[in-house]
Amino acid sequence: MELSEYEKKVLAALSGPGALLTRDVADRVRPRFGSNQHQHSGAVRAWLLHLEKLGLVRRLDAEKPVCWQLAAQPTTKEST
């Protein structure tokens with residue numbers, strides 16, 4: 001399946017170490033989708049959910065707010 005240009009940008013935003021909040025991913029994806037930040041963040045969340053279904057990204061845990069990372073990365077959650 002071909003990924004959209006924005007889905008590729010979402011993956012690129014997550015390419016660094018660790019995990020990012022949805023809003024942090026949205027801040028790194030440019031140009032902004034839609035006419036305001038709320039629409040852009042909603043679109044980024046939808047792309048993240050689609051990429052999760054494809055197995056390309058995963059949620060770090062079930063906590064809110066959700067943190068995302070590439071599925072190929074080892075879990076960054078530290079045990080205390």
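**Exercise 1. Is L56 buried, partly exposed or exposed, and what is its relative accessible area?**

*Solution.* Keep in mind that we are working with a predicted model.

Step 1. Find the residue: L56 lies in the loop between α3 (37-53) and β2 (57-59).

Step 2. Look up its relative accessible area, which is 35%.

Step 3. Compare that value with the cut-offs: buried means under 20%, exposed means over 50%, and partly exposed lies in between. L56, at 35%, is therefore partly exposed.

Step 4. Look at the surroundings. Together with M1 and L54, L56 makes a nonpolar surface patch of about 320 Å².

**Exercise 2. Describe the overall build of the chain.**

*Solution.* Let's go from the elements to the whole chain.

Step 1. List the secondary structure: there are 3 helices and 3 strands. Reading from the N terminus, you meet them in the order α-β-α-α-β-β.

Step 2. Judge the compactness. The radius of gyration is 12 Å, close to the 12 Å that the globule rule gives for 80 residues, so the chain is as compact as a globular protein of that length.

Step 3. Add the dimensions: the C-alpha trace spans about 40 × 25 × 20 Å along its principal axes.

Step 4. Turn to inside and outside. Of the 80 residues, 34% are buried. The chain exposes about 5,200 Å², and carbon and sulfur atoms supply 54% of that area.

Step 5. Check how the contacts are spread along the sequence. Taking contacts between residues at least 6 apart, 42% join residues at least 24 apart.

**Exercise 3. Work out how the strands are arranged in the sheet.**

*Solution.* Try tracing the strands in the structure as you read.

Step 1. Write down the order: the 3 strands form an open sheet, β1-β3-β2, with antiparallel pairing.

Step 2. Pick out the edges. These are β1 (20-21) and β2, each of which pairs on one side only.

Step 3. Zoom in on one pairing. Strand β3 (residues 67-70) is joined to β1 by 2 bridges, and the two run antiparallel. Within this pairing, L21 has C67 of β3 as its bridge partner.

**Exercise 4. Decide whether T22 is buried or exposed, and name residues that it touches.**

*Solution.* Start with the location, then move to the neighbours.

Step 1. Place the residue: T22 belongs to helix α2 (residues 22-28).

Step 2. Classify it. T22 has 18% relative accessibility, so it counts as buried.

Step 3. List the contacts. Leaving aside residues up to four places away in sequence, T22 touches S41, V44, R45, L48, V66 and W68.

**Exercise 5. Find the salt bridges and say how exposed their residues are.**

*Solution.* Begin with the idea behind the search: side chains of opposite charge can pair when their charged atoms come close.

Step 1. Count them: the structure holds 2 salt bridges.

Step 2. Take the pair E2 and K8, whose closest N and O atoms are 3.6 Å apart. E2 is exposed, with a relative accessible area of 65%, whereas K8 is partly exposed at 38%.

Step 3. Take the pair R59 and E52, where the N to O distance is 2.9 Å. R59 counts as partly exposed at 33% relative accessibility, and E52 is partly exposed with a relative accessible area of 28%.

Step 4. Check both distances against the cut-off. A salt bridge needs the nitrogen within 4 Å of the carboxyl oxygen, and the pairs come in at 3.6 Å for E2 and K8 and 2.9 Å for R59 and E52. Nicely done!

Technical notes
Residues numbered from 1 in each chain as written. Predicted model: local features only at pLDDT ≥ 70, side-chain atom pairs only at ≥ 80, totals over all residues. Heavy atoms only, no water. Patch = residues over 30% accessible without salt bridge, like charges linked within 9 Å, V, L, I, M, F, W, Y side chains within 5 Å. Areas by Shrake-Rupley, 256 points an atom, 1.4 Å probe, with all protein chains shown as cover. Salt bridge = Lys/Arg side-chain N within 4 Å of Asp/Glu carboxyl O. Helix = DSSP H or I, 4+ residues; strand = E, 2+ residues; numbered from the N terminus. Buried < 20%, exposed > 50% of the residue type's maximum accessible area, 1.4 Å probe, protein only. Rg over C-alpha atoms; globule rule 2.2 N^0.38 Å. Contact = heavy atoms within 4.5 Å. Pairing = 2+ DSSP bridges.
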